Amino acid sequence: MMPLYFRFPVSVFLFFLCAGVLFSLSSQRCHAQVGLAEQGAVMGIQNNLAGNTPVPAAPPQVQPMPPMPMMPIMPGGMMGQPQPAAPKPKTKKDLLKDKSDELFGNGGWWGPGGYFSPIKLPLYVLLFLIWVGCASWINADQERQQKENREVFNLVYLLLYGVLCTAIFFIPIFWAAFSLTVLICFVPALTYVVIRNQSLPPGDQVLTREHLWFLFAVAMGKFGIKIQHGQRLTYTAGPPVELEPVAKGVDPQTLQARLILARNDPGYNLLRDNIFDAVQSRATALRFDFSPEETKIWHQVDGVWLELLPVPRKLGRSKEKDIYEEMQEAVKKLVGGNPEDRRSKQGGKFKALIGNPKKKSKLKKFDAEYMSQGTPTGEAAILQLHAQTVPFKTLDEIGVRTEMQPKILAQINQHEDESIYGHKGFVIISSPPTHGLRSTVSVLSRSCDRFTRDVANIEDVNGASEPIENVIRGMYDTGKGETPVKPLADLLFRGIAVLFVRDMSAPETVKTCCEALLHDDRLFLTMARAKDGVEALRRFLAVDFPSQQIVPYINSVICQRLIRVLCSECKEAYEPDPKTLQQLRLNPNQVQQLFRKRTPLPPHEEAKRGICHKCHGVGYFGRTALFELLTVSDATKALLLSNATPEVIRQQFNKEGQQTFLHEGIRLLLKGETALDELSRVLKM
Ligand SMILES: [Zn+2]
């Protein structure tokens, strides 16, 4: 949408243009009829306004007079001086002019002589466009600074221009009028700049020596000329990242105040830069460690912390504060913490919107969570970025093998053979924290037969997933102390067959489900944060409700862990030693090669080879899921009820030959998708 400021002056401009034309037209007709007397009067008024001695009015004349040289009506003779007509044989054009004179009075609608000067009028239009540009920038700048009285300021700015420009219309000397218009155009804008610069840190000031140098350097950079310039910390430059504080039970005014406070902090732009870089390198979290010597920074990419080059203290802009410390202050201001306090545990949430805000469909939205705490050497902070939309839609995309997909789907879809689960009971979906549980649950709710059965998703309003077609949503707000029980009871009453109840930690929720299972065929899917299936079962049963009533209904546990995939551009094949293969219970004669990340060469050769453009030397790119599908047999149920140790339950699953992480991992290894190191890292978790 065009800014208001742009639209408003355009209409004002058109108004002045039309008014000018009409005024000249009407004067022309008037002059043609009334004659010199009026002209003299007009000249008198104009000269008065211009500070000249009034010209005495000529006596009134009855007869119409031929066109006379007269004072221009547009500012300073913008329309040029009229030309005296020379007697010439009448051409077609002259005849047309005569006709026009007949219709509109002497001089026609165009007036005597060339009324619009091709030089002077464009000059005015140019000045006007410059003014529109300034006005538009001032409005946007005030908006960014969240100035409260910007409407009043804008109105004053506009009226000042309107009134002064109207006054200038009456100045007969073009260049005097033009110079005044230049002043009207620039003086208020420059005054605004001077006032705004006083209240902002140096990095945000405009038209200073540093700023002009920065603009020059940026302009030169477009021609490939690199010029050293200071880092511009203004929020008007930098990456397309917008931050919005979020907090439960805090009024919008307070949140807005926090945002203004953070925006005016010199570290705000570095925060935006860091978030942008992290998202570009697919990082889901950032970690900072502050010590008196340096700031260490990590990115969590594909679940693994990668250390970036540490930033030495001397790079800071002042001796007391490192730029990264300024950044921490900006985050703390944003989440409503205390920037001075570097010892106590602090934290909060905000939203990060990345991309062009005008292209809403391409905007990436993140829920950011910040936490900081003092350490013996300084302070440590973590900033987590959770993508609001799940990028995966199918089981293939989350890495479920084709052969395994029917087995998983059998857990959630109605089966022809009803003696096999799939229509009644509990299915637990679990993963360790940050191992894509949300994505998996979202994909599973898409994958179940939601077009033939009624499926519902019951979740907290805070951090809810995006709606899925044909999946009913039942919402509750933990912020208001609500539990899933109410939407759950409503949906059960409506006869919904499959219910994804994400949080079953409250005893009433489990009780409601168990009571429904006594009479009806309902399938409940729930989530658990656990490192494997056995732990997920134990967590599920830890609820304060008798296990005897839950265990009979547990069908299965789907457990997932994410494993990094080797970079397809730089992975290298090698011949594994038979001992390793034996440990993995693989036949050494059947496995000729495995893959691993590229082995580093000596430094000079490594430099020659160059860094991998895809993974930037990490060796891995992206992750896929390992799945463990454990169906809970009667024997396992008996063990669960007898409080058997996790080890005993695990042995039972192995005895039954259930699909475990190891089986799945070895498949990936043989396909060359992951490396042995990575598999053992993930299995040891
Ligand atoms: Zn690579």
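Here are legends for a few close-up views of this predicted model.

**Figure 1. The whole protein, before we zoom in.** Let's begin with the overall inventory: the protein has 22 helices and 17 strands. Of its 685 residues, 31% are buried. Among the contacts with a separation of 6 or more, 63% join residues that are 24 or more positions apart.

**Figure 2. An open sheet of seven strands.** Follow the strands across the sheet and you will meet them in the order β11-β10-β12-β13-β9-β14-β17. The pairing in this sheet is mixed. Which strands sit at the edges? They are β11 (471–476) and β17 (620–631), each of which pairs on one side only. Neighbouring strands are turned against each other by 20° on average, direction ignored.

**Figure 3. Strand β12 and its two partners.** Here we look at β12 (residues 498–501), which pairs with β10 (residues 455–460) in the parallel sense over four bridges. Strand β12 is also joined to β13 (residues 523–529), again running parallel, by three bridges. L499 is a handy place to rest your eye: A456 stands opposite L499, and in β13 the bridge partner of L499 is F524.

**Figure 4. The two faces of β12.** In a regular strand, side chains alternate between the two faces of the sheet. Are the residues of β12 buried or exposed? V498 and F500 on one side are buried, and so are L499 and V501 on the other. Both faces of this strand are therefore covered, given that a residue counts as buried when 20 or more other C-beta atoms lie within 10 Å of its own.

**Figure 5. From strand to helix to strand.** Trace the chain from β12 through helix α14 (residues 507–519) and on to β13. Together these three elements make a right-handed β-α-β unit.

**Figure 6. Helices against the sheet.** Helix α13 (residues 485–493) lies across β10, β11 and β12. The direction of α13 runs at about 145° to β11. Another helix, α22 (residues 676–683), packs on the sheet as well, touching β14 (554–566) and β17. Helix α22 makes an angle of about 145° with the direction of β14.

How values were computed:
Residues are numbered from 1 along each chain as its sequence is written. This is a predicted model: local features need pLDDT of at least 70, side-chain atom pairs count only at pLDDT 80 or more; totals for chains, interfaces and linings use all residues. Two strands pair if DSSP finds at least two bridges between them. Axes are lines fitted to C-alpha atoms, for helices over the stretch in contact, and angles run from 0 to 180 degrees between N-to-C directions. Two residues are in contact if their C-beta atoms, placed from the backbone, lie within 7 Å. A residue is buried if 20 or more other C-beta atoms lie within 10 Å of its own, exposed if 12 or fewer, and partly exposed in between; C-beta atoms are placed from the backbone. A crossover is right-handed if, with the strands pointing away from the viewer, the path from the first strand over the helix to the second runs clockwise.
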